[in-house]
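Open the model in your viewer and keep the selection tool at hand. We will go from stop to stop, and at each one you select something and look around.

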Amino acid sequence: MLIKRNPNGIDIPFGSEITPRAIFESRRSFIKQLALGSIAGGALAEMAMREAFAQSAGAPKLAAKTNPSFVVMDKQTAYKDATTYNNFYEFGTDKADPAQNAGTLKPRPWTVAIEGEVKKPMTIDLDGLLKLAPLEERVYRLRCVEGWSMVIPWVGYSLSELIKKVEPTGNAKYVEFVTLSDKKQMPGLRSPVLEWPYTEGLRLDEANHPLTLLTVGMYGEVLPNQNGAPVRIVVPWKYGFKSAKSIVKIRFTKDQPRTAWNLAAPQEYGFFSNVNPDVDHPRWSQATERRIGEDGFLTRKRKTLMFNGYNDVASLYTGMDLKKFF
C-alpha cells in the first residue's frame, strides 16, 4: 500500500487506484520492473514502509470515552494501513507521500480562527479545542471518492459544540474550512495540482449534524501529521476529500464557499459529494469499493452504501435531486 520515490524519480507501488494519470502510468511501469526481478526496488519499498510506520508510532494518548451511538461494527482498519495510505496533497500526490513527508508539519503551537457570520468570533488554540467538550471515540466508515474505504476509530466531539460557542448569525448558511498553507511545512504546495490553500465546506445544517466530528485523534492517540494533525473534520457520509485536514480557519458564510476539488473539476467533484452508489464518477463506478487491508486482488469488492450507511442524514436532503446536486 506504499509508494517510495527513488533517486531516479521512479514510483515504487504497494497499492493502486491513484487518480492522476501520470502517477498511474509510473506505477504500471514499475510493476513491470518488479515482475522482471527488480529486487532492489522491493527493498526500497520495504524500507519506506518501515520509515512511514515509525513516524506514526508512539504518539501521545488521548483520554476519550467510546460513544456507542457512533460505532459501526465493521472490522477496523489496521493502524498501519490507516497511517501509511493517505491522500494529503500538501505532502505529495502518492499514497505514501504524506507518511514520508509530513514530518515537517509542526502541529504545536496551533490556532484556529473562527470568523465570518458569527456573533462571537474567536481564535482558539489547540489546548482550548481539547477542553471545549468531552472527547469521544467514534468508529466511522471512511469512503474515498477513488473507490476504496477504511474503518477508523476517531477521537473528537461533534462540531456543533464549537458552533454553539460562536453563535452563528441569521446570515450564516455555510461553513468553510481552510487548511494550513505553508510551503516550509508542506512541500506539496509547490505543485499546482490544486488551488491552495485547500478549502472545503458544508451547509450549516450538515455542519451541525451530530455525526460531523471535530477530530483531534485516532486509535486513541493524537492525529498523526499525515492524517490531518492537529485538528480536522470528519464527515462520514461524504467522500473523504470533504473532511478537511490541518485546519487553521473556520469561516461562516451566507454564500456557498469555493472548495478545492470543486474548483479543480466541478464536473467530477460536486459541492455536496455525498456517498451515492447510484451516481458514478465520470471515470469510474461508485457502486462498489475496496476495503483497505482486507480485500485481496481477486476478492469481490463490497457494495457501497447510500450515505456510506449513515441513513440518518437523509432528512438533510429532503426534496433535493441528489443526482443533480452530487
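Select Leu-214 and Ile-233. Leu-214 stands opposite Ile-233, which belongs to strand β12. This is a predicted model, so read every value on this tour as computed from it.

**Stop 1: strand β10 and its partners**

Now select residues 213–218, which make up strand β10. Is this strand enclosed or open to the outside? 6 of its 6 residues are buried, so β10 is largely enclosed by the rest of the structure.

Add residues 232–234, which form β12. β10 and β12 run antiparallel, and 3 bridges join them.

Next add residues 148–158, the strand β7. How many bridges join β7 to β10? There are 5, and these two strands also run antiparallel. To find one of the contact points, select Ser-158: its bridge partner in β10 is Leu-213.

Finally, add residues 221–222, strand β11. Here 2 bridges join β10 to β11, again in an antiparallel arrangement. Gly-217 stands opposite Val-222 of β11. β10 and β11 form a hairpin with 2 residues between the strands. Click on Tyr-219 in this hairpin: Tyr-219 takes a positive phi near 55°.

**Stop 2: the nonpolar core**

Select Val-112, Phe-177, Trp-237, Ile-250 and Phe-252. These residues have the most contacts inside the largest nonpolar core, which has 83 residues. Which strand gives the most to this core? It is β7, with 7 residues. As a general point, nonpolar side chains in soluble globular proteins tend to be buried together.

Keep Trp-237 and hide the other four. Show what surrounds Trp-237. Beyond four places away in sequence, Trp-237 touches residues including Glu-206, His-209, Leu-211 and Thr-212. Further along the chain, its contacts include Asn-274, Val-275, Phe-307 and Tyr-310.

**Stop 3: aromatic pairs**

Show the aromatic rings. The structure holds 12 aromatic pairs. Start with Tyr-140 and Tyr-310. Their ring centres are 5.9 Å apart and their planes meet at 75°, so the pair is edge-to-face. Tyr-140 sits in strand β6 (residues 136–143), and Tyr-310 in the segment after β15 (302–303). The pair links distant parts of the chain, 170 residues apart. Both Tyr-140 and Tyr-310 are buried.

Move to Phe-241 and Tyr-269. This pair is also edge-to-face, with 5.5 Å centre to centre and 85° between the planes. Phe-241 lies in the loop between β12 and β13, and Tyr-269 in the loop between α8 and β14, so the pair ties together parts 28 residues apart in sequence. Buried or exposed: what is Phe-241? At 13% relative accessibility, Phe-241 counts as buried. Tyr-269 is buried too, at 4%.

Then select Tyr-174, Phe-271, Phe-272, Phe-307, Tyr-317 and Phe-325. Ring pairs link these residues into a cluster.

**Stop 4: charges over rings**

Select Arg-138 and Phe-70. The charged end of Arg-138 sits over the Phe-70 ring, 3.8 Å from its centre. Now select Lys-95 and Tyr-85. The charged end of Lys-95 sits over the Tyr-85 ring, 5.6 Å from its centre.

**Stop 5: two loop residues**

Select Pro-197, in the loop between β8 (174–179) and β9 (199–203). Pro-197 has 32% relative accessibility, so it counts as partly exposed. Apart from neighbours within four places in sequence, Pro-197 is in contact with Val-178, Thr-179 and Ser-181. Add Thr-259. It is 62 residues from Pro-197 in sequence, and their C-alpha atoms are 9.8 Å apart in space.

Now try Gln-267, in the loop between α8 and β14. Its relative accessible area is 53%, so Gln-267 is exposed. Leaving aside neighbours within four places, Gln-267 is in contact with Pro-282 and Phe-326. Gln-267 and Phe-326 are 59 residues apart in sequence, and 9.6 Å apart from C-alpha to C-alpha.

**Last stop: the whole chain**

Clear the selection and zoom out. The chain has 8 helices and 15 strands. Of its 326 residues, 54% count as buried. Turn on the surface: the chain exposes about 14700 Å², and carbon and sulfur atoms supply 55% of that. Among contacts with a separation of 6 or more, 70% come from residues 24 or more positions apart.

Notes:
Residues numbered from 1 in each chain as written. Predicted model: local features only at pLDDT ≥ 70, side-chain atom pairs only at ≥ 80, totals over all residues. Heavy atoms only, no water. Core = buried A, V, L, I, M, F, W, Y, C linked by side-chain atoms within 4.5 Å. Buried < 20%, exposed > 50% of the residue type's maximum accessible area, 1.4 Å probe, protein only. Helix = DSSP H or I, 4+ residues; strand = E, 2+ residues; numbered from the N terminus. Contact = heavy atoms within 4.5 Å. Pairing = 2+ DSSP bridges. Areas by Shrake-Rupley, 256 points an atom, 1.4 Å probe, with all protein chains shown as cover. Phe/Tyr/Trp six-rings, centres within 6.5 Å; stacked < 30°, edge-to-face > 60°. Lys NZ or Arg CZ within 6 Å of the ring centre and 35° of its normal.
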